[in-house]
Amino acid sequence: MDLNPPAGENYAHPNICFFHVLFKAAALAFYILSALFFDSFVIIFVVTVLLAALDFWVVKNVSGRILVGLRWWNEINDEGESVWKFECLDQESLARINKKDSWLFWWTLYLTAVLWLFLGIFSLIRFQANYLLVVGVCLTLSIANIVGFTKCRKDAKKQLQAFATQTLASRFSSTIQSAFTVV
Amino acid sequence: MSHSDTIPLHSTSQSDIDEIENLINTHSSSVLPARPPSPPRASIPISSAPNPPPAFIPSNLPTPTNPNTTPVPPVSSAAPKPPLPPRASGPSGNISASGFGSPPNTLTEPVWDTVKRDLSRIVSNLKLVVFPNPFREDPGKALRDWDLWGPFFFIVFLGLTLSWSASVKKSEVFAVAFALLAAGAVILTLNVLLLGGHIIFFQSLSLLGYCLFPLDIGALICMLKDNVIVKVIVVAVTLAWSSWAAYPFISSAVNPRRKALALYPVLLMYVSVGFLIIAID
């Protein structure tokens, strides 16, 4: 993946991109800067975790859908087993996804997780268990989204291949059939 | 919209047709991402679509699950009507709001719909778990639509209330309450699973979180009223309520001879939270 956004087009959904980045950046910024202003751990914890949870919701339900056309969730079927569902747009719409949008989506997703990991290591070094708790929660939320969307993307690719082979196969067989009927 | 020039099928009958076709066609383990639709379906809601083959099967069908495919999540893709680009303000289409997870067209629904859907799910889960209702004997059905937002809010609220009531060491109180509840829920779930119980990890976490709701109310009342006797009574009542709420789910998930083993830690955790509420001044 390259470090620069693909050139030549603008963001298709600037508002959504903004919100996608906003909550992540707010959670990180608040956590890092709050030590300067607030003395109370409770406020830091609650606000950071709240922002991280909001970000999780926004990414999972809004920006994932709109920026890259992917969605994942979990269901419990009739036999009482838990089933993970992955959903993606059909291939035409997927091809029409704005490249800049999806670049931003994936990059910020991975970047936030890495940053939280660093912050976690810092608080580990300083033996601050309560801050480690905050970082742990935020990291869990980021990783959950990363895993979900990566699986979704892989499944989308697999489906594309399956669809392509299937279309080829069905076209092939119908060609053969029509060849035989002609003969 | 989508039904302009076709048979105006209601969305739920569309999914019924899919269901019936699935039952007829398959017990094969391959999920069908794209198959050429049978004739009656070809006339169904694809208004200006180029052609039938891209009509993917909506994803919330109860696909016939074989046990060996469950570890691999069944993949299906949704068909928002192909010409529509994915945007938030797109037509919300025929969202058949259901208790079975996301309906087929959630990829193009407006954001506000998603918010409302999640909020109503929290409320309905709360009602199912905490208040008396006919489904309590069948836990698999009751919390089918688990979510973790409700438990998250309740745990944070409880922590905040306890922290507010405390006159010293507010931060520690909050951190302890949060960690205790979160870790406790995870450990209790593991306990049930290790006892050979049949419960799904997230479902159980969700349940234990929702059952905190009465204790939340108790903590709120105790914060407002500082009298010890009132506190003890309130905590006892809400504790009983919480335990009553959690009991059917846990007990029906395990072997009857191990019911007590599974229930005891749950009661222990709630009792310790109750003591925390009483002891904070």
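## Salt bridges at a glance

How many salt bridges are there over all chains? The count comes to 4. Please keep in mind while reading that this is a predicted model. Three of these pairs are described further down, after a look at each chain.

## Chain A

Chain A has 183 residues, and 47% of them count as buried. Its secondary structure comes to 5 helices and 2 strands. If you walk along from the N terminus, you meet the elements in the order α-α-β-β-α-α-α. Among contacts in chain A with a separation of 6 or more, 72% join residues 24 or more positions apart. The chain exposes about 9,600 Å², and carbon and sulfur atoms supply 71% of that area.

UniProt, in an unreviewed entry, gives the feature "transmembrane region" for residues 28-58, 103-125 and 131-150 of chain A. Two of these spans are worth setting side by side. Residues 103-125 of chain A are 100% helix, and their end C-alpha atoms lie 33 Å apart. Residues 28-58 of chain A are 90% helix and 0% strand, with end C-alpha atoms 16 Å apart.

## Chain B

Chain B is built from 10 helices and 0 strands. Of its 281 residues, 48% are buried. Residues 24 or more positions apart make up 66% of the chain B contacts that have a separation of 6 or more. The exposed area of chain B is about 13,500 Å², with 70% supplied by carbon and sulfur atoms.

For chain B, the unreviewed UniProt entry lists "transmembrane region" at residues 148-166, 173-194, 200-221, 228-250 and 262-280. One of these, residues 148-166 of chain B, is 89% helix, and its end C-alpha atoms lie 27 Å apart. Another, residues 200-221 of chain B, is 86% helix, with 33 Å between its end C-alpha atoms.

Helix α7 of chain B covers residues 201-210, and 8 of its 10 residues are buried, so the helix is largely enclosed by the rest of the structure. The buried residues in α7(B) include Gln203(B), Ser204(B) and Ser206(B), as well as Leu205(B), Leu207(B) and Leu208(B). Gly209(B) and Tyr210(B) are buried there too.

## The largest nonpolar core

The largest nonpolar core has 96 residues, and the members that touch the most others are Trp116(A), Tyr270(B) and Ile277(B). Helix α2 of chain A, residues 41-68, gives this core its largest share, 17 residues.

Trp116(A) is a good place to centre your view. Leaving out residues up to four places away in sequence, Trp116(A) touches Ala27(A), Leu28(A), Tyr31(A) and Thr48(A). On the same terms, Trp116(A) also touches Val135(A), Cys138(A), Leu139(A) and Ser142(A).

## Charged pairs

Asp55(A) and Lys24(A) form a salt bridge, with 3.1 Å between the closest N and O atoms. This pair links distant parts of the chain, 31 residues apart: Asp55(A) is in helix α2 of chain A and Lys24(A) is in helix α1, residues 14-37. Asp55(A) counts as buried because its relative accessibility is 10%, under the 20% cut-off. Lys24(A) is buried as well, with a relative accessible area of 7%.

In chain B, the side chains of Asp118(B) and Arg121(B) meet in a salt bridge at 3.0 Å, N to O. Both residues lie in helix α3 of chain B, residues 111-130, and are 3 residues apart, about one turn of the helix. An α-helix has 3.6 residues a turn, so residues three or four places apart point the same way. Asp118(B) is buried at 10% relative accessible area, whereas Arg121(B) is partly exposed at 23%. Lys231(B) and Asp226(B) form a salt bridge too, at 3.6 Å from N to O. Here Lys231(B) is buried, with a relative accessible area of 5%, while Asp226(B) counts as exposed at 56%.

## A buried lysine without a partner

Which residue has the nearest side chain of opposite charge to Lys60(A)? That residue is Asp118(B), 7.0 Å away, and Lys60(A) is buried yet has no salt bridge. Lys60(A) is found in helix α2 of chain A. Setting aside neighbours within four places in sequence, Lys60(A) is in contact with Arg71(A), Trp72(A), Trp73(A), Asn145(A) and Phe149(A).

Note on methods: Residues are numbered from 1 along each chain as its sequence is written. Chains are lettered from A and ligands numbered from 1 in the order in which they are written. This is a predicted model: local features need pLDDT of at least 70, side-chain atom pairs count only at pLDDT 80 or more; totals for chains, interfaces and linings use all residues. Side-chain values use heavy atoms; hydrogens and water are left out. A nonpolar core is a set of buried Ala, Val, Leu, Ile, Met, Phe, Trp, Tyr and Cys residues joined through side-chain atoms within 4.5 Å. Buried means under 20% relative accessible area, exposed over 50%, partly exposed in between (1.4 Å probe, protein chains only). Helices (H or I, at least four residues) and strands (E, at least two) are DSSP runs, numbered from the N terminus. Contact means heavy atoms within 4.5 Å. UniProt positions are given in the numbering used here, feature names are shortened, and annotations may be inferred rather than shown by experiment. Accessible areas come from the Shrake-Rupley method with a 1.4 Å probe; for residues, only the protein chains shown count as cover. Lys and Arg count as positive and Asp and Glu as negative; His and the chain ends are not counted.
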